[in-house]
Each structure stands twice: as C-alpha cells, then as structure tokens.
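Colleague: Got a minute to go through the labels on this one with me? I'd like to hear the reasoning behind each of them.

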Amino acid sequence: MRKKIIAGNWKMNKTVGEAVELAKAIKLELGDCKEVDVVVCPPFTATKAVGDVISETLINLGAQNMSSEDDGAYTGEISHTMLKELFVRYVILGHSERREYYKETDFWVNKKVKKALEKNLRPIVCVGEKLEDREAGNTEAVVEAQVRGSLADIPAAAYTDLVIAYEPVWAIGTGKTATAEQAQEVHAFIRGIVADMVGAEAADAVRIQYGGSMKPGNAPELLAQPDIDGGLIGGAALDAASFAGIVKAGL
Ligand code: PEP
C-alpha cells in the first residue's frame with residue numbers, strides 16, 4: 001500500500017514573514033498528520049524560516065529546484081549541500097514552469113534527479129503534456145519521452161524514494177482540472193512505463209502525484225483513483241485551510 005504524499009509548491013510567493021505565517025497555520029492543521037506525507041516547498045529565501053517553524057512536526061521541508069552541480073561558479077544556483085544544511089528532504093525537479101521558462105530539458109532534469117538521489121534528497125519529478133499535445137493526441141508520447149528521459153539510468157531501488165508528479169500543463173493554475181478518469185489513465189500509463197524501465201516491483205512502489213488545479217472540492221475523487229498517490233498543489237497550497245482540506249481528502 002503506497003502512502004499518499006501531498007506537497008505544496010509555493011512558487012515565487014511569500015516573503016519570509018508571510019511564509020512563516022502560512023507555515024504556522026499549516027502546522028496547526030497538519031503538524032501531527034501521520035497518515036499522509038505532507039511536504040511544503042517555500043521559496044529559497046524562506047526555507048530556513050519555514051524549516052524552523054515545522055522542525056518538531058511531521059511536516060517535511062521541500063525545495064522547488066536544485067542545481068545538478070556540487071558547488072562552484074554557477075551564479076544564482078542552489079546546491080544539495082545548501083538544501084540539506086536546512087533539513088530539506090524533498091526537491092521538485094523539472095516543473096513545467098522550469099521546462100517552459102528556463103528551458104530545462106529532460107537531460108538536465110535527469111542530471112538533477114541523479115544528484116538528488118546520490119545525496120539522499122527525494123526528487124519529485126514533474127512530467128506532463130501541453131494543451132496542444134493533448135489536442136493532437138500526443139499525450140502518451142510526450143509523457144513517455146519525459147519519463148524515460150528524466151528517469152534514465154535510475155536504478156529500480158531508487159523508486160521508493162523518488163516521486164513522479166503528473167501535471168498536465170493545461171491544468172496548472174488554470175482552474176481546469178483533468179477529470180479523475182483522464183488523470184487515472186495517464187497515471188496507470190506512467191506506472192506501466194516504469195515497469196518496462198525497471199520492473200514491476202519498482203512500478204508498484206513508486207508514488208505518482210497528480211498536479212493541476214487540485215482543490216479540496218476535486219481532491220477526494222482524484223485521490224480515490226488507484227494510481228493517484230497524492231497531489232502537487234500550487235495555488236491551493238497558499239491557503240492553510242485549502243491545503244489541509246486536500247490532505248484530509250487523502251486520509
Ligand atoms: C503546480 O504548479 O505544480 C500546480 C499544480 O499548480 P496549481 O495547483 O495552481 O494548478
């Protein structure tokens with residue numbers, strides 16, 4: 001039985017003070033939640049402060065990106081060492097906004113995934129098709145290429161630590177959610193690709209989150225699907241009650 005995992009991606013929102021307030025409110029609602037893995041991913045500037053707020057709770061700290069390199073002349077980048085120093089456990093990699101605006105390719109996502117796993121950070125690896133891909137009937141081809149590329153040469157044993165997030169780009173921040181059936185179909189497809197890549201045991205173990213306008217109202221149906229093991233939440237993660245409502249739908 002896979003434990004559900006709900007992660008909040010705060011994106012480029014919240015000053016340190018605002019992030020602390022949000023973290024405190026989430027702590028009140030979810031600080032002792034054992035049944036679901038809860039992760040919050042504040043912006044880098046608030047990582048330390050949010051980590052301090054949630055330090056004695058069951059809430060996990062995450063980051064929104066990480067360099068594939070160890071250290072050195074990489075202006076603007078953040079390394080695994082810097083994240084681990086702040087007790088970060090999860091790191092979102094290959095989010096569609098990074099793929100779209102910063103031209104991150106599967107090659108780079110794969111390098112980051114390997115580095116994160118080597119350093120005992122748990123990657124949340126994002127994949128998902130654009131609207132034009134879906135309309136052209138290319139959803140499976142696009143998602144398969146991203147899964148195979150982003151997870152190339154990752155050993156089967158690592159799939160218990162890594163999380164895949166299926167996020168149809170057309171559903172992110174748009175209020176348009178994939179139906180539970182549409183999402184389940186792609187999740188089952190992704191699990192099949194993982195089985196083909198590294199075997200049935202790893203495919204059965206890997207957790208696959210859905211992301212794209214998930215809210216307390218649509219979360220119960222999405223999270224009830226057999227291959228949907230949680231959610232990666234953007235907008236609704238900026239409000240403690242909404243975020244908690246989604247987590248509670250996963251219980
Ligand atoms: C996301 O960006 O990962 C996301 C799912 O955003 P939203 O929930 O706002 O659609």
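Modeller: Sure, and bear in mind that this is a predicted model. Let's begin with Lys-3 and Asp-37, whose closest N and O atoms are 3.0 Å apart.

Colleague: What makes Lys-3 and Asp-37 a salt bridge?

Modeller: The cut-off is 4 Å between a side-chain nitrogen of Lys or Arg and a carboxyl oxygen of Asp or Glu. Lys-3 and Asp-37 come in at 3.0 Å, so the pair counts. They sit 34 residues apart, Lys-3 in the segment before strand 1 and Asp-37 in strand 2.

Colleague: Why is Asp-37 called buried?

Modeller: Its relative accessible area is 14%, and buried means under 20%. Lys-3 has 35%, which falls between 20% and 50%, so Lys-3 is partly exposed.

Colleague: And Asp-229 with Arg-191, what makes that one a salt bridge?

Modeller: Same test: the closest N and O atoms are 2.7 Å apart, within 4 Å, so it qualifies. Asp-229 is in the loop between helix 10 and strand 8 and Arg-191 is in helix 8, so the pair ties together parts 38 residues apart in sequence.

Colleague: Are those two buried or exposed?

Modeller: Asp-229 has 3% relative accessibility and Arg-191 has 9%. The limit is 20%, so both count as buried. They also belong to a salt-bridge network with Arg-2, Asp-204 and Asp-227.

Colleague: How do you know that Lys-11 makes a polar contact with the ligand?

Modeller: A side-chain N or O atom of Lys-11 is 2.5 Å from a ligand oxygen. The cut-off is 3.5 Å, so that's a polar contact.

Key:
Residues are numbered from 1 along each chain as its sequence is written. This is a predicted model: local features need pLDDT of at least 70, side-chain atom pairs count only at pLDDT 80 or more; totals for chains, interfaces and linings use all residues. Side-chain values use heavy atoms; hydrogens and water are left out. A polar contact is a pair of N or O atoms within 3.5 Å; within protein, one must be able to donate a hydrogen and the other to accept it, and residues adjacent in sequence count only if both atoms are side-chain atoms. Helices (H or I, at least four residues) and strands (E, at least two) are DSSP runs, numbered from the N terminus. Buried means under 20% relative accessible area, exposed over 50%, partly exposed in between (1.4 Å probe, protein chains only).
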